[in-house]
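Take a look at the structure below. We will walk through it in short steps, beginning with a pair of helices.

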Amino acid sequence: MKNRIINVQDVPISISQQELDDYICITDIAKAKTGESRSADVVKNWLRNRNTLEFLGTWEMIYNPDFKVVEFDHFKSEAGLHTFVLSVAEWINKTNAIGLYVKRGKYGGTYAHKDIAFEFASAISPVFKLYLIKEFQRLKEEENNSEQKEWDAKRFLSKNNYLIQTDAVKRYLLPQMNYRENLQWLAYAEEADILNVALFGFTAKAWREANPELAKKNNVRDFATINELTVLSNLESHNAQMLREEKGERFKILQEIAEYQLNVLNAAEEIKMMESDKVTARSI
């Protein structure tokens with residue numbers, strides 16, 4: 001994901017996403033206090049402070065199972081000495097920290113997990129921190145609204161394609177049966193579950209029984225991911241086509257399509273994350 005920029009008291013602040021969480025450029029935050037020329041020095045001075053190290057170490061111990069506590073204790077014991085100097089790169093390399101990272105090139109600087117960035121902003125200016133939190137929250141609200149619109153669009157597409165499918169069922173399955181004597185037409189009532197089982201692995205009834213409270217106002221498709229809704233939309237089109245052509249073993253075919261398409265979409269997301277990690281590793 002590209003860096004996002006928020007303006008806090010006329011200072012542009014870069015935000016990057018790493019491992020599905022937000023990191024804020026604290027070098028940009030430092031510029032609000034000292035200007036661009038001394039922003040890197042502000043970050044270094046903040047890092048060598050004992051209170052800062054205790055905060056960083058505690059955060060890492062909570063969220064980072066690979067954090068090297070022994071190295072952290074060594075740094076903490078030296079904090080406060082006039083001879084103690086610590087860079088962000090050294091902190092990361094020696095302790096295997098994940099709360100900070102350094103990025104080169106465009107939008108370069110020291111980035112900190114949002115928890116740490118807000119703590120850094122407190123040390124720079126409590127007032128600036130409040131405005132930073134406000135703008136950050138505004139950004140997240142905009143992103144959440146955008147994601148919701150995308151989800152709603154996929155849901156809408158899925159519902160429209162479902163109409164195509166049900167039309168195909170009415171026209172090409174039911175007319176072949178005698179409704180009063182042959183009750184096989186009841187299979188129509190379960191037609192949607194062919195897709196549910198192909199995609200989710202269980203029927204709508206099974207989901208309702210397992211989630212009675214949620215089922216009062218929702219159905220299983222309301223909790224599908226965007227990738228699942230995309231595949232569901234495609235499955236409905238495929239199913240309608242197969243019904244018109246009277247193809248057998250529709251469930252098996254639909255299941256294979258669902259598995260293949262989900263694997264493609266999920267693999268694409270993993271590749272994006274791996275490429276993002278490589279860019280981060282090269283910048284450190």
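In this predicted model, helices α2 and α6 are roughly perpendicular to each other. Where does that label come from? Two packed helices are described by the angle between their axes and the distance between the axes. Here, helix α2 covers residues 39-47 and helix α6 covers residues 114-124. Their axes cross at roughly 100 degrees. Angles of 65 to 115 degrees count as roughly perpendicular, so α2 and α6 fit that class. The axes come within 11 Å of each other.

Which residues meet at this crossing? From α2 come Val42, Val43 and Trp46. From α6 come Ile116, Phe120, Ala123 and Ile124. By class, the contact has seven nonpolar residues. No polar and no charged residues take part in the contact of α2 with α6.

Now go to the strands. In a regular strand the side chains alternate between the two faces of the sheet. Strand β1, residues 4-8, shows this alternation. Arg4, Ile6 and Val8 point to one face, and these residues are buried. Ile5 and Asn7 point to the other face and are not buried.

Strand β1 has a partner, strand β2, which spans residues 11-18. The two pair in the antiparallel sense over five bridges. One residue of β1, Ile6, has Ile13 in β2 as its bridge partner. Together, β1 and β2 form a hairpin with two residues between them.

Look at the loop of that hairpin. Most residues other than glycine have a negative phi. Gln9 sits in the loop between β1 and β2, and its phi is positive, near 50 degrees. Asp10 is also in the loop between β1 and β2. Asp10 is not a glycine, yet its phi is positive too, about 70 degrees. How accessible is Gln9? Gln9 has 43% relative accessibility, so it counts as partly exposed. Asp10 has a relative accessible area of 76%. The cut-off for exposed is over 50%, so Asp10 is exposed.

Finally, turn to another aspartate. Asp28 lies in helix α1, residues 26-34. Is Asp28 buried or exposed? Its relative accessibility is 7%, so Asp28 counts as buried. What does Asp28 touch, leaving out residues up to four places away in sequence? Its contacts are Val11, Pro12, Ile13 and Ser14. A polar atom of the Asp28 side chain lies 3.0 Å from the backbone nitrogen of Ser14. Ile13 is a residue we met before, as the bridge partner of Ile6.

Technical notes
Residues are numbered from 1 along each chain as its sequence is written. This is a predicted model: local features need pLDDT of at least 70, side-chain atom pairs count only at pLDDT 80 or more; totals for chains, interfaces and linings use all residues. Side-chain values use heavy atoms; hydrogens and water are left out. Axes are lines fitted to C-alpha atoms, for helices over the stretch in contact, and angles run from 0 to 180 degrees between N-to-C directions. Helices (H or I, at least four residues) and strands (E, at least two) are DSSP runs, numbered from the N terminus. Angles under 35 degrees count as roughly parallel, over 145 as roughly antiparallel, 65 to 115 as roughly perpendicular and the rest as oblique. Contact means heavy atoms within 4.5 Å. Ala, Val, Leu, Ile, Met, Phe, Trp, Tyr, Cys and Pro count as nonpolar, Asp, Glu, Lys and Arg as charged, and the others, Gly among them, as polar. Buried means under 20% relative accessible area, exposed over 50%, partly exposed in between (1.4 Å probe, protein chains only). Two strands pair if DSSP finds at least two bridges between them. A polar contact is a pair of N or O atoms within 3.5 Å; within protein, one must be able to donate a hydrogen and the other to accept it, and residues adjacent in sequence count only if both atoms are side-chain atoms.
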